[in-house]
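The following exercises are to be worked with the sequence and the three-dimensional model at hand. Each task is followed by a solution in steps.

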Amino acid sequence: MNAISLYAKPSADFEAKIVESVALLRGAAQEFAPITQASSLGAEDMVVTDLLHRFQMQSGIFVLETGKLHAETLDLLERLQSHYGREVEIYRPVAEAATAFVAENGEEAMYRSLELRKACCHIRKMEPLERALAGKRGWITGLRREQSGARAEVELIEEQAERVKINPLANWTWGDVWHYIATHQVPYNPLHDQFFPSIGCAPCTRAVTLGEDFRSGRWWWEQESAKECGLHVDGAVSSIIPIRAIA
Ligand code: SF4
């Protein structure tokens, strides 16, 4: 059994969702250039990259290489670049900051307190994200409402202080994602075949078991409400733009 045979199951309105996502991406690429995709190399982000490529939309793609990613994820980064024949921008933490944090707090600091975990996420994700988004008017994510309670209100377009955030898969189901991957032979992380639905840094990601929810393998030792690194749930969203504004 692999992830495709386990999960691929399109919604009745799957084709309409693709039309909606493509229209949204097309409008955003024109209206909010320069725009870029933030890819975690998870299944949703691979679908977004494939849509950008298939429909020849002008968008950068970047990855936050935290220094803590699984070997499988790093391998996928190489495969992505050769599959689509394009370079992905890679943003890494400031080496001195990461080294100093580990020297002071140890390699397993994230398990000791929420504050230390967030400090690690700040050094390895948030600060590089700021650099990746500098000068951009828009960014594209693979967020879906179904992923967690904290993401249940994700909108297709969100206006933030300095740019807009585009979530073209907000309405997609997990079954839609995998149906798309199967149909278009999109490269994906083999960890998805091993019951890792959501993949982040290696120390903070584990496989889930039957009946556990989608993000239960992320920061599993923390309370549900704390389980975001700050990239997508930080109170920065100021308002929602109706889709008709750019589609
Ligand atoms: S997910 Fe874990 S390893 Fe990655 S930056 Fe956050 S605390 Fe550090």
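**Exercise 1. Residues in the loops**

Locate Leu 41, determine whether it is buried or exposed, and describe its phi angle.

Solution. Leu 41 belongs to the loop between S1 and H3; helices (H or I, at least four residues) and strands (E, at least two) are DSSP runs, numbered from the N terminus. The model is a predicted one, in which local features need pLDDT of at least 70, side-chain atom pairs count only at pLDDT 80 or more, and totals for chains, interfaces and linings use all residues. Residue numbers start from 1 along each chain as its sequence is written. A residue is buried if 20 or more other C-beta atoms, placed from the backbone, lie within 10 Å of its own, exposed if 12 or fewer, and partly exposed in between. Leu 41 is buried because 26 other C-beta atoms lie within 10 Å. Its phi is positive, about 70 degrees, although Leu 41 is not a glycine.

Carry out the analysis for Gln 56.

Solution. Gln 56 lies in the loop between H3 and S2. Its phi is near 50 degrees, a positive value in a residue other than glycine. Gln 56 has 8 other C-beta atoms within 10 Å and is therefore exposed.

Which peptide bond, ending at Pro 34, is cis?

Solution. The bond runs from Ala 33 to Pro 34, with omega near -5 degrees. Pro 34 is in the loop between H2 and S1.

**Exercise 2. Overall form**

State the order of the elements and assess the radius of gyration.

Solution. The protein has seven helices and seven strands. From the N terminus on, they run α-α-β-α-β-α-β-α-α-β-β-β-α-β. The radius of gyration is taken over C-alpha atoms, and the globule rule is 2.2 Å times the number of residues to the power 0.38. For 247 residues, a compact globule would have a value near 18 Å; the protein has 17 Å, which agrees. Along its principal axes, the C-alpha trace spans about 50 × 45 × 35 Å. Buried residues make up 36% of the 247 residues.

**Exercise 3. The nonpolar cores**

Describe the largest nonpolar core and the elements that supply it.

Solution. A nonpolar core is a set of buried Ala, Val, Leu, Ile, Met, Phe, Trp, Tyr and Cys residues joined through C-beta atoms within 7 Å. The largest has 39 residues, and those with the most contacts inside it are Leu 25, Val 47 and Ile 181. Among the elements that each supply at least two residues of this core are helix H2 (14-31), strand S1 (35-39), helix H3 (43-54) and helix H7 (174-184). H3 gives the largest share, six residues. A second, separate core of nine residues includes Cys 120, Cys 121, Ile 123 and Cys 229.

Two residues are in contact if their C-beta atoms, placed from the backbone, lie within 7 Å. Which residues contact Leu 25 once neighbours within four places in sequence are left aside?

Solution. Leu 25 is in contact with Leu 51, Leu 52, Met 57, Ile 140, Ile 166 and Pro 168. Ser 21, in helix H2, touches Leu 51, Pro 168 and Leu 169, not counting residues up to four places away in sequence. With 24 C-beta neighbours inside 10 Å, Ser 21 counts as buried.

**Exercise 4. Strand pairing**

Identify the sense in which S1 and S2 run, and that in which S5 and S6 pair.

Solution. Two strands pair if DSSP finds at least two bridges between them. S1 and S2 run parallel and are joined by four bridges; Ala 38 has Phe 62 in S2 as its bridge partner. Four of the five residues of S2 are buried, so S2 is largely enclosed by the rest of the structure. Strand S5 (residues 157-160) and S6 pair in the antiparallel sense over three bridges. Ile 157 stands opposite Ile 166 in S6. S5 and S6 form a hairpin with three residues between them.

**Exercise 5. The ligand shell**

How many residues surround the ligand, and how do they divide by character?

Solution. A residue is near a molecule if its C-beta atom, placed from the backbone, lies within 6 Å of it. The ligand is surrounded by 13 residues, the closest being Cys 120, Cys 121, Arg 124, Cys 201 and Cys 204. Ala, Val, Leu, Ile, Met, Phe, Trp, Tyr, Cys and Pro count as nonpolar, Asp, Glu, Lys and Arg as charged, and the others, Gly among them, as polar. The shell divides into seven nonpolar, two polar and four charged residues.
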